[in-house]
Amino acid sequence: MNPILQVSGLEKDFCMYTQNEKIIKGCQELNFFLNQGQFLGIYGPSGAGKSTILKCIYRTYLPSAGRMIYHSKLFGKVDLAAATEQQILALRHQEMGYISQFLQVIPRVSAQQIVAEGLINRGAESGAALAKAQALLGRLNLPAELWDACPSTFSGGERQRVNIARGVISKPRLLLLDEPTASLDIKMQHAVLQILAELKQEGTTMIGIFHDLDLMRQIADLKLSMVDGALTAVA
Ligand SMILES: Nc1ncnc2c1ncn2[C@@H]1O[C@H](COP(=O)(O)OP(=O)(O)OP(=O)(O)O)[C@@H](O)[C@H]1O
Ligand SMILES: [Mg+2]
C-alpha cells in the first residue's frame, strides 16, 4: 500500500528578527509516513514542536527543509512543502482539515453556524448542514441553549467542542488535530475519541497531538514522542 502521507527531512526554524536574527528550532529532521485510515498520535512536552509539525503540513508555516508527499484526490501526488498557494487552498477546501489548539472566535457568529460552515463551504445546503451541526454538538453534550450563542463567552471546554465539531463535520480525507481533548473532562474525552474512531473507520487519515499518553493509546495506530523538535517511536 502506498502511504497517503510521507514526511522526510522536515525542518522548521524560526528567525527572530527582533532578537539579532536569533534562530529558534521548531522541529528538525522529521521522518514518518502513514497509510490511509491510520491515526498517528504525537505526544510530548510543551514547546517540543508538536504544533509546528501540524502547521507545516497544513502549510500555515512554510517548512525550512524537507518534503511532505501527500497523495491527494485533487492533484495526485503533491509535495505540500512545494505546492502553490492555490493548490494548498484547494486542498484545504476539499480534503484537508485542521482542528487548531485554540478556537478562533468570529464575532457575532453562532456556535452552530461556525460548525455548519465546515459543510456549507464544501457545497452543502444550509438547512441540512445546520441539522448535522446540531446533531454533532448534541453528541458532544454542548447544551442546546448555547447553539445560537457566539462562542466568545464560552468556557475553554465548550469552545473546544465547537472547534472539534467544526473540524469533523465535513469528514476530511486528512485531518490534523492539535490537542483535541486538552480542556475536556473524561466523559467528553471519550465522546470525542468515539467520533474520531468512527471517522477512522470511514477512512479518514489523522494526525493528533496529545498530552495524555493513555488517551492517545486508545485511538492511535502509530505513536511518536517528540522532545526538543525530534521524534522517537513510543512502545
Ligand atoms: N511563529 C513562531 N515564531 C517563533 N517561534 C515559534 C513560532 N511557532 C513556534 N515557535 C517556537 O517553536 C517551539 C515549538 O513550538 P510549538 O508550538 O510547536 O510547541 P508545542 O509542542 O506545540 O507546545 P505546546 O504543547 O505548549 O502546545 C517553541 O519554542 C516555540 O516558541
Ligand atoms: Mg502546541
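User: In which helix is Gln160 found?

Analyst: In this predicted model, Gln160 belongs to helix H5, which covers residues 156-168.

User: Is Gln160 buried or exposed, and with which residues is Gln160 in contact beyond its neighbours within four places in sequence?

Analyst: Gln160 counts as buried, at 7% relative accessibility. Apart from those sequence neighbours, the contacts of Gln160 are Glu179, Pro180, Thr181, Ala182, Ser183 and Leu184.

User: How should an aromatic pair be read, and how many aromatic pairs does the structure hold?

Analyst: Two values describe a pair of aromatic rings: the distance of the centres and the angle of the planes. The structure holds 3 aromatic pairs. One of them joins Phe14 and Tyr61 in an edge-to-face arrangement, with 5.2 Å centre to centre and 75° between the planes. Phe14 lies in strand S1 (residues 5-16), whereas Tyr61 lies in the loop between helix H1 (50-57) and strand S4 (65-72), so the pair ties together parts that are 47 residues apart in sequence. Phe14 is partly exposed at 22% relative accessible area, and Tyr61 is partly exposed at 24%.

User: Over which ring does the charged end of Arg92 sit?

Analyst: The charged end of Arg92 sits over the ring of Tyr58, at 4.2 Å from the ring centre.

User: Which protein donors does the magnesium ion have?

Analyst: For the magnesium ion (ligand 2), the protein donors are OG of Ser51 and OE1 of Gln101, at 2.0 to 2.5 Å. These two residues link distant parts of the chain, 50 residues apart: Ser51 is in helix H1, and Gln101 is in the loop between strand S6 (96-99) and helix H3 (111-120). Ser51 is buried, with a relative accessible area of 16%, while Gln101 is partly exposed at 27%.

User: How many residues of H1 are buried, and which are they?

Analyst: H1 is mostly covered, with 7 of its 8 residues buried. The buried residues are Lys50, Ser51, Thr52, Ile53, Leu54, Cys56 and Ile57. Just after this helix, Arg59 takes a positive phi of about 70°.

User: How should strand pairing be read, and in which sense do S1 and S4 pair?

Analyst: Strands of a sheet pair through backbone hydrogen bonds, in either a parallel or an antiparallel sense. S1 and S4 pair in the antiparallel sense over 5 bridges, and Ser8 stands opposite Arg67 in S4. S4 also pairs with strand S5 (residues 76-79), in the antiparallel sense over 4 bridges. Here His71 stands opposite Lys77 in S5. S4 and S5 form a hairpin, with 3 residues between them.

User: What is the strand order of the open sheet of 6 strands, and which strands stand at the edges?

Analyst: The order is S6-S7-S8-S3-S9-S10, and the pairing is mixed. S6 and strand S10 (230-233) stand at the edges; each has a single partner strand, so one side of each is left without a neighbour in the sheet. On average, neighbouring strands of this sheet are turned by 20° against each other, direction ignored. Strand S9 (residues 222-227) pairs with S10 in the antiparallel sense over 4 bridges, and Leu224 stands opposite Ala233 in S10.

User: Which helix packs on this sheet, and which strands does that helix touch?

Analyst: Helix H6 (residues 186-201) packs on the sheet and touches strand S3 (39-43), strand S7 (174-178) and strand S8 (205-210). The direction of H6 makes about 155° with that of S8.

Methods. Residues numbered from 1 in each chain as written. Chains lettered and ligands numbered in written order. Predicted model: local features only at pLDDT ≥ 70, side-chain atom pairs only at ≥ 80, totals over all residues. Heavy atoms only, no water. Phe/Tyr/Trp six-rings, centres within 6.5 Å; stacked < 30°, edge-to-face > 60°. Buried < 20%, exposed > 50% of the residue type's maximum accessible area, 1.4 Å probe, protein only. Lys NZ or Arg CZ within 6 Å of the ring centre and 35° of its normal. Donors = N, O, S within 2.8 Å, 3.2 Å for Na, K, Ca; no water. Contact = heavy atoms within 4.5 Å. Pairing = 2+ DSSP bridges. Axes fitted to C-alpha atoms, helices over the stretch in contact; angles between N-to-C directions.
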